[in-house]
Amino acid sequence: MQQPKNLNRLLRALAREGLDVSYNNKVYSICLNSSLKFDGDDRAAKTAEILLPEGFPVEAKALKQLANLAQVRHPKGGCVCCAIATPDFHPGDAGVAIGSVVETQGIIVPAAVGSDINCGMRLHVADLTIDRFLAKRDRFVELMKGDYFFGTRDVAMTAKTARSMFQYGIPGWLDGMLDKATGSAIDSDWTQLAKECDRVYLGGSMNGDVKWAPAELVPSSGIVRDGGLATIGGGNHFVEIQVVEEVVDKAYAYNWGVRSGQLAFMIHSGSRNAGKYIGGMWRDRAQEAWPKHLKTPQSRLFPLSVHDTPNLVADYLQAEATAANYGFLNRLLLAELLRLRLRQVYGDIEAPLVYDLPHNITLAEGAGWVTRKGACPAHSGQPAIVPGSMGAPSYLLVGLGNPQFLNSASHGAGRARSRFDLTRQGADKTEEKLGLTGVDCITLRQERRIEEAPAAYKPIQPAIDAQVEAKMVDIVAIMQPVLTFKA
């Protein structure tokens, strides 16, 4: 196949940055060379692989972050045994590149997930035509703005339900609400919500514990009114109304209830302040647990070792699961508020769930764990949801379970330009230049439209094509954006 232009010049430049890099068939193989290896580490540097479509930027900072992650080990035993990255690969703020996936044995690396625990995607479809939707679009948007932006949502729950949710996830919340329903969910179809647990990754339930939750969200009695629950969040998080433009794999689409011409709504959000609280706690605890007589790792990525501190490993996994349970419910409630408003405006609409899955999480797989940072599971036959920008199509995919890429797929195409670059003084902020012509973005802050404009992102089509060609996924359906809510 055709190699990237100026490849040899690029590889020489990366070598000067301390990285040995080779390229073959859209896959970059990288490892630290002797100038960047950790002090006193005489092991051969581990090689990591990144699938990047031709023309996508090769960023030295992201490559260094992945190469450092591939080298993580604990002196008492345990290491990263495989590291790869998906096509939305780009630098992360906390030392771990977005799009990174690592398999570990004997260690857990809390920083590899960070604080946006169980950020993920949720997709519903509705038998509602685009013309019928647009006829009452303004009324629907005003109701949703109230719920998402102005606090008219009511997601209150009893203290008992909140505790059950943190411990057991969606099933725990359902049990509590069936015992004593509160808030807007009183009007929900409880039979539908219960059945939809089967279409949430892991059933929307992990082994959490209330002791890791923020104390104000788990009182012993009374009603919990959580201002962060059922909120979209900042950054690239969104709720988007789409239309199913094309069904590519009719068999999978039929089994998943997806048809051309349907309305779809896609949700991208995570565990909000609960994840930030738990992730920050364990970033500090992992650093404190590092053996005091050893030099701090240059990467500042501190693993927890099963051989050295097994209780800390178990506690971290339980704490991460606690935040993950909150993330599952956050997406459910964002979707349920929207589904209730659809029924209020357009009548009796089922709007079933297609799938909900995480892309920032640690999961037990194989002989150890796989940690995905901005990459979703893509096991054989499993749905995967990959959004484009708010001016580009999104994709419903089916995983092919490719072991070379740790049974994973991208969670988008990745940023091409930073938020600062888009909003800096002197930057061209015209609608045409930003790709915002014809984009219907619902937000209270004009700068959000600019920061998240289509021009901020790499093109989604090459990212999908590269993963199809690499036999990571196949395309099931393609959705085009209609309007997007950005907080």
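How many cavities of 30 Å³ or more does the structure hold? The structure, which is a predicted model, holds 1. The tour begins there and then proceeds to a helix, a strand residue and the cysteines.

**First stop: the cavity**

Select Asp154, Val155, Ser184, Ala185 and Leu333, which lie nearest the centre of the largest cavity. These five belong to a lining of 14 residues, and the space within the largest cavity comes to about 80 Å³. Next, colour helix H6 (170-179) and H10, each of which supplies at least two residues of the lining. The greatest contribution comes from H10, with 4 residues.

**Second stop: helix H9**

Keep H10 (310-346) displayed and add helix H9, residues 272-289. H9 has 18 residues and reaches 26 Å from its first C-alpha to its last, close to the 26 Å expected at 1.5 Å a residue. Within H9, select the buried residues Ala274, Gly275, Ile278, Gly279, Gly280, Met281, Trp282 and Ala286. Against which elements do the buried residues of H9 pack? Showing helix H5 (159-168), strand S12 (304-305) and H10 (310-346) completes the view, as the buried residues of H9 pack against these three elements.

**Third stop: threonine 371**

Move to strand S15 (residues 368-373) and select threonine 371 within this strand. Is threonine 371 buried or exposed? Its relative accessible area is 3%, under the 20% cut-off, and therefore threonine 371 counts as buried. Display the side chain of threonine 362 as well: a polar contact of 3.1 Å joins this side chain to that of threonine 371. Then extend the selection to the residues in contact with threonine 371, leaving aside its neighbours within four places in sequence. They are Ser100, Val101, Val102, Ala112, Val113, Ile361 and Thr362.

**Fourth stop: the cysteines**

Finally, select the cysteine sulfurs. A search of the whole structure finds 0 disulfides. Cysteine 119 accordingly takes part in no disulfide, and the nearest cysteine sulfur, that of cysteine 376, is 11 Å away. Cysteine 119 counts as buried, at 3% relative accessibility.

Centre the view on cysteine 441 next. Why does the sulfur of cysteine 441 form no bond with the closest cysteine sulfur? The closest cysteine sulfur, in cysteine 119, is 17 Å away, which is too far for a bond because a disulfide requires sulfur atoms within 2.5 Å. Cysteine 441 also counts as buried, at 12% relative accessibility.

Conventions. Residues numbered from 1 in each chain as written. Predicted model: local features only at pLDDT ≥ 70, side-chain atom pairs only at ≥ 80, totals over all residues. Heavy atoms only, no water. Buried < 20%, exposed > 50% of the residue type's maximum accessible area, 1.4 Å probe, protein only. Polar contact = N/O pair within 3.5 Å; in protein donor to acceptor, adjacent residues only side chain to side chain. Contact = heavy atoms within 4.5 Å. Expected span 1.5 Å × (residues − 1). 1 Å grid on protein atoms, 1.4 Å probe; cavity = no way out; pocket = protein on both sides within 12 Å on 5 of 7 lines; lining within 4 Å. Points joined across faces, edges and corners; volume = space filled by probe spheres on them.
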